Amino acid sequence: MSSVKNLNSLLIVLLLFGCNGSAKAPAKHDASSDIEIKQTSDLQKLLAKFKEVSEDTFKVASSLNLNNDNYRFKGEALDDTEIKLLPEDMIKTYPSDKNYYACFKFRMDKTHTGLIIRTPSTYMPSSIKLFVLDNSKGMIINSYIELAETVIEIVEYWDKKTWIIKDKTSMTSFLMWEHQNEDTTEIFYKIRFTGEKFDTLSV
């Protein structure tokens with residue numbers, strides 16, 4: 001009888017061990033997935049602040065009268081989380097200035113979306129820059145350019161404007177105009193975005 005009890009006890013121990021051994025350990029939580037989801041959420045919130053560009057030729061101009069209700073590039077303010085999505089070197093240029101304003105967005109090519117943002121500058125947030133969103137990576141790349149700016153000092157005047165042009169092949173190019181002081185020659189040049197960088201072309 002004693003041997004039967006011992007056998008039963010052994011079977012119970014083996015069954016318990018088998019249950020514990022086959023039980024799956026709790027899945028580890030992947031913190032990186034939370035970061036990715038949060039970045040996607042932050043990016044979606046940022047993109048919602050931009051207006052769509054519908055024109056084939058779109059003029060970008062700066063202004064010193066930023067309180068004018070008719071100024072097309074007043075934009076919607078970015079919060080700290082959205083500013084952190086921009087290229088690091090841009091943020092480091094004006095580390096304590098949070099004057100970033102989402103203005104317009106447009107399709108640059110099959111992979112990239114252009115984001116026009118008014119940013120801090122020497123005296124006021126009058127510089128208008130183009131940042132590039134890589135849709136396949138879900139991130140804003142490091143390449144960006146200034147589209148427009150107006151600076152007036154005591155004896156100095158400098159102005160820049162850009163026309164964003166889409167051709168029949170849906171390629172986007174940027175015709176830029178610069179003018180410094182009244183007695184200097186106006187400068188025109190063309191820029192195109194290729195291979196995740198901006199190249200200057202002759203006009």
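## A buried phenylalanine

Let's start with Phe174, which is buried, with a relative accessible area of 0%. Keep in mind as you look around that this is a predicted model.

Phe174 has an aromatic partner, Phe198, and the two rings meet edge-to-face. Their centres are 6.1 Å apart, with 65° between the planes. That angle earns the name edge-to-face because the label applies to planes over 60 degrees apart.

The pair joins distant parts of the chain, since its members are 24 residues apart. Phe174 belongs to strand 9 (residues 172-180), while Phe198 belongs to strand 11 (residues 197-201). Phe198 has a relative accessible area of 17%, and it counts as buried because the limit is under 20%.

## Other aromatic rings

How many aromatic pairs does a search of the whole structure find? There are 7 of them, and the pair of Phe174 and Phe198 is one.

Elsewhere, four residues gather into one aromatic cluster: Phe58, Tyr71, Phe73 and Phe104. Another ring to visit is that of Tyr101, where the charged end of Arg118 sits over the ring, 4.2 Å from its centre.

## Around Val132

Phe198 also appears among the contacts of Val132, a residue of strand 6 (residues 127-134). Is Val132 buried or exposed? Val132 is buried, with a relative accessible area of 0%.

Setting aside neighbours within four places in sequence, the contacts of Val132 include Met108, His112, Ile141 and Phe193. For a sense of distance, Val132 and Phe106 are 26 residues apart in sequence, and their C-alpha atoms lie 9.9 Å apart in space.

Technical notes:
Residues numbered from 1 in each chain as written. Predicted model: local features only at pLDDT ≥ 70, side-chain atom pairs only at ≥ 80, totals over all residues. Heavy atoms only, no water. Phe/Tyr/Trp six-rings, centres within 6.5 Å; stacked < 30°, edge-to-face > 60°. Helix = DSSP H or I, 4+ residues; strand = E, 2+ residues; numbered from the N terminus. Buried < 20%, exposed > 50% of the residue type's maximum accessible area, 1.4 Å probe, protein only. Lys NZ or Arg CZ within 6 Å of the ring centre and 35° of its normal. Contact = heavy atoms within 4.5 Å.
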